[in-house]
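Welcome to a short tour of a ligand and its surroundings. Please have the structure open as you read.

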Amino acid sequence: MSLEALKREAAAQAVALVRPGMRLGLGTGSTAKHFVDLLAERVRDGLDVVGVPTSEATRAQAERLGVRLTTLDETPELDLTVDGADEIDGALRLIKGGGGAHLREKIVASASRRMVVIADETKLVETLGRFPLPIEVVSFGLGATRRAVEAALAEAGCAGTLTVRERDGAAFRTDSGNLILDAALGRIPDPERLAEGLDRVTGVVEHGLFIGLATAAILATSQGVKVLGEP
Ligand SMILES: O=C(CO)[C@H](O)[C@H](O)COP(=O)(O)O
C-alpha cells in the first residue's frame, strides 16, 4: 500500500468514530485532508456535524466540500478532534507543526474532549526529536527570543540548530502572522521538561510538543491498523 493509501485508511477509521451531532476539531495536513474528504462524503449522505478548522487551508477545504463550520467562540467545547502528527511516541506524545498550524491545532485539541491522531506507521517513533520541532515566535525581538529558546533547549538536555522557516525564498508566516523556528534536535530526552522550558520563554507563541492531549492514535501500517490508547 502507498503512504497516501495508508493515510486514507487511518482517516477512514477515524471517520467511523464520528456520530450525528458531534462538534469536531478538523486538523491540518495531508492526513487530516483525507479525513475532511471522507467526512464530507458522510455529510453529503445526511450526517449532521459541525467543525472548527485548525487552519485557513482546512477551512477552505471544508467550506468547498460543504462541511458546516463554527468557531470556538460560538462552540467553545468540542467532542472530538482528528488531526495528523509529524511524530508520535508510545506515550501518545506528539510533535506537530510541520504545516505550521500547531498553534490553532493545540487550541482546538485543548478545547476537545478527545483528540485522535491519524497517521501512517512512519510517524511512530521510540524517542521524539528526529523531526525538527516547530516553535512559533513573534517576529519582534527575534534575536533575543532565539537566545532564550537556545537556553531552554540546553536546560532540557537538547542540542541542535535553530532555523527560521522559509517558503519560496521568504520567511514563512503562520495563519496568525508569526514566524517559525525549526529546532533540529535529533532526540528530545525529556519532552515534558522541554515543553515547560519553552512555555516560559516570552516571545514563544506556541511550540509543537503536544503532551497529554492525544487520547488515541490510529496508525495505518502495511499489516493493518494499529491503535494506541482509547479512540
Ligand atoms: O501538525 C501538522 C500541521 O501543522 C500536521 O498534522 C503534521 O504536519 C502532519 O502532516 P501530514 O499528515 O501531512 O504528514
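What follows describes the pocket, then the ligand and its contacts, in a predicted model.

**The pocket**

Let us begin with the space itself. The largest pocket has a volume of about 440 Å³. Its lining is made up of 33 residues, and Thr28, Gly29, Gly98, Gly99 and Gly100 are the ones nearest the centre of this pocket. Sorted by class, the lining of the largest pocket holds 15 polar, 12 charged and 6 nonpolar residues.

Which helices help to line the largest pocket with at least two residues each? They are α1 (3–15), α2, α3 (56–65) and α4. Among the contributors, α4 gives the most to this lining, namely 4 residues.

**The ligand in its place**

Now for the guest: the ligand sits in the largest pocket. There are 17 residues around the ligand, and those that come nearest are Ser30, Thr31, Asp86, Gly97 and Lys123. By class, this shell splits into 10 polar, 5 charged and 2 nonpolar residues. Two helices, α2 (30–44) and α4 (102–110), each supply at least two residues of the shell around the ligand. Both α2 and α4 also each supply at least two residues of the pocket lining, so you will meet these helices in either view.**Polar contacts**

Which protein atoms lie 2.6 Å, 2.9 Å and 3.0 Å from oxygen atoms of the ligand? The table sets them out by residue.

| Residue | Protein atom | Distance to a ligand oxygen atom |
|---|---|---|
| Lys123 | polar side-chain atom | 2.6 Å |
| Thr28 | backbone N or O atom | 2.9 Å |
| Ala101 | polar backbone atom | 3.0 Å |

The protein covers 90% of the 380 Å² of accessible area that the ligand has on its own.

Some residues are worth finding on your screen. Lys123 comes among the nearest residues around the ligand, and its side chain provides the 2.6 Å contact. Thr28 is one of the residues nearest the centre of the largest pocket, and its backbone provides the 2.9 Å contact.

How values were computed: Residues are numbered from 1 along each chain as its sequence is written. This is a predicted model: local features need pLDDT of at least 70, side-chain atom pairs count only at pLDDT 80 or more; totals for chains, interfaces and linings use all residues. Side-chain values use heavy atoms; hydrogens and water are left out. A residue is near a molecule or strand if one of its heavy atoms lies within 4 Å of it. A polar contact is a pair of N or O atoms within 3.5 Å; within protein, one must be able to donate a hydrogen and the other to accept it, and residues adjacent in sequence count only if both atoms are side-chain atoms. Accessible areas come from the Shrake-Rupley method with a 1.4 Å probe; for residues, only the protein chains shown count as cover. On a 1 Å grid over the protein atoms alone, a cavity is a set of points where a 1.4 Å probe fits but cannot get out, and a pocket is an open set with protein on both sides within 12 Å along at least five of seven lines; lining residues have an atom within 4 Å of a point. A molecule sits in a cavity or pocket if more than half of its atoms lie within 2 Å of its grid points. Ala, Val, Leu, Ile, Met, Phe, Trp, Tyr, Cys and Pro count as nonpolar, Asp, Glu, Lys and Arg as charged, and the others, Gly among them, as polar. Grid points are joined across faces, edges and corners, and a volume is the space filled by probe spheres set on the points.
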